[in-house]
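Here are a few short exercises on charged side chains. Have the structure open, and work through each step alongside the solution.

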Amino acid sequence: MIWLVTSISGLYSQIAWSAHPIFANLFLLLIFVLLGLLIFAFFYYTGLFKKNRKSRKRRAANLRVPVDKTEAAEESLKTIRQQVHQIQDEVARQAIINRTDEIEEFLSRGNIKVVIFGTGSAGKTSIVNALMGRMVGKVNAPMGTTEVGETYHLQFKGLEREILITDTPGILEAGEAGSHRGTLARTLATEADLLLFVVDNDLRQSEYQPLYSLAEIGKRSLLVFNKIDRYTEDDQNIILSRLEERVKTFISSEDIVRVAANPQAVILDTGEPFKPEPDIMPLIRRMAKVLRAEGEDLIADNILLQSQRLGEEARNVLDTQRRRQANKVVERFQWIGAGVIAVTPLPVVDLLATAAVNAQMVVEIGKIYGCELNLERGRELALSLAKTLASLGVVQGATQLVATALQFHFGTIVIGKGIQAVTAAYLTRIAGRSFIEYFRQDQDWGDGGIAEVVQRQFKLTRKDEFVKSFIQDAIARVIEPLNLNSSRIEEDDDDDYEDESQPEYQPSVQLKKVNPFENDWHDRDYKREDW
């Protein structure tokens, strides 16, 4: 402020001394007006900034963030219903809608779903029988008897919610039918609030893997060591110690229980057979304790997990549909790009010409992924990718690849225009596939940037199977029409030369060598866009 006042005073003295005091007074008035405007603007925009901050805070406060897992699941299901209308496959769309209805129905009922899971004939059905206190399934079979998931109702004292016990087919059974039942069992297990994994001995690797996989996705599990009546006390302790050691990273020792769901009959001293009562109470006590303490959280966790998995499934179906549509757009524009080069008389591949084609391609791909771009933005993206193609040497590599492949098919070097046209199609395909990845990642090139995406697509298109198929298609779509058109033009030139003396001869405009782009640049750009 001292510097400012001193400077203004000095200027005022100089003007008053060199000109007239009235000019100095006008100068001083102007300075004060400017300072006043500056101060007013400062406070005005500061007030606007604070107001914007307050409005942003109000908007943030109005955003409804789910406060619990059940609410988050409901929000996820709403999102799925919005996405599902974009799915064109009727079967896939209806399957997701049905699954959404099931989750919403389960959400409204709020039952606790307990799934019994394990290998064939480990005693799963016997455990259901013991839990229910009555026979609900066949037992004593050499292999698993449950072919489909069967559900029974159970009520624990002190627990308001009803428990649904689902007996699943055995896993690791032989044959195609066994494999199908195993897949069904795994599907049912992923839908459980609480999982009872039944074994009758130490865990094998084939049993450990599905149990660990279910724990990885967040399934709360109890490991049930069944058929303990067949072992001595010491053998039971040894097996139990091994089980605890194998699953200690994801199942606590308290969640490993010993039961005898269907004890074998014994012969008494009198010679009469005796059938012991099922020893199932350790499992009932542990289930009751877990469900009373964690039941609400288990239900919320499971509903949220199911909604998230269904949302992921819907996104995958939609992504597959969009990729299929986008690939059709790329395939269409790659041959349009070849056509542009075929009618553009330039000695090298014209990246600007292909970029003009690619711009429209970008716009159409963006529309498939729900992103509305104007043509100007499409041109910017296309030119940016064209520069990347050139800087990475992809243009040169593509030209050599196409020339070599065409030479292999024809035995001699194909005309330059044919190589240029096919190369343009090849580069347009790389560009299109790169843009698909860009839009799939919500308009983000990823950590490696545009260069990494382009290089990855170039490597994919250099595979022998693709190159062979692409070149065969290019020969049919580009090379053969070019050769046919060239031969027709040569024949027409010969006819023109031979018949010049005939006044009645009128040469055909369609066969005459005319460059439609040499009128002016405006017409050239229009024709390219039309292509």
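**Exercise 1.** In this predicted model, decide whether glutamate 207 is buried or exposed, and then look at its contact with arginine 204.

*Solution.* Begin with the accessibility of glutamate 207: its relative accessible area is 3%, so the residue is buried. Next, take arginine 204, which is partly exposed at 48% relative accessibility. Finally, check the contact: the closest N and O atoms of arginine 204 and glutamate 207 are 3.6 Å apart, and the two form a salt bridge.

**Exercise 2.** Find out which parts of the chain are tied together by arginine 286 and glutamate 254.

*Solution.* First, the contact itself: arginine 286 and glutamate 254 form a salt bridge, with 3.6 Å between the closest N and O atoms. Now place both residues: arginine 286 sits in helix H9 (residues 281-342), while glutamate 254 belongs to the loop between helix H8 (233-247) and strand S6 (256-258), so the pair links parts 32 residues apart in sequence. Then compare accessibility: arginine 286 is buried at 12%, whereas glutamate 254 is exposed at 53%. To finish, widen the view: Arg220, Glu254, Asp255, Arg286 and Glu294 are joined in a network of salt bridges.

**Exercise 3.** Work out how glutamate 437 and arginine 440 are placed in helix H13.

*Solution.* Start with the helix: in H13 (residues 416-440) the two are three residues apart, which means a separation of about one helical turn. Their side chains meet in a salt bridge, at 3.4 Å from N to O. Glutamate 437 is buried at 13% relative accessible area, and arginine 440 is partly exposed at 32%.

**Exercise 4.** How many salt bridges are counted?

*Solution.* Applying the cut-off of 4 Å between a side-chain nitrogen of Lys or Arg and a carboxyl oxygen of Asp or Glu, the count comes to 23 salt bridges.

Notes:
Residues are numbered from 1 along each chain as its sequence is written. This is a predicted model: local features need pLDDT of at least 70, side-chain atom pairs count only at pLDDT 80 or more; totals for chains, interfaces and linings use all residues. Side-chain values use heavy atoms; hydrogens and water are left out. Buried means under 20% relative accessible area, exposed over 50%, partly exposed in between (1.4 Å probe, protein chains only). Helices (H or I, at least four residues) and strands (E, at least two) are DSSP runs, numbered from the N terminus.
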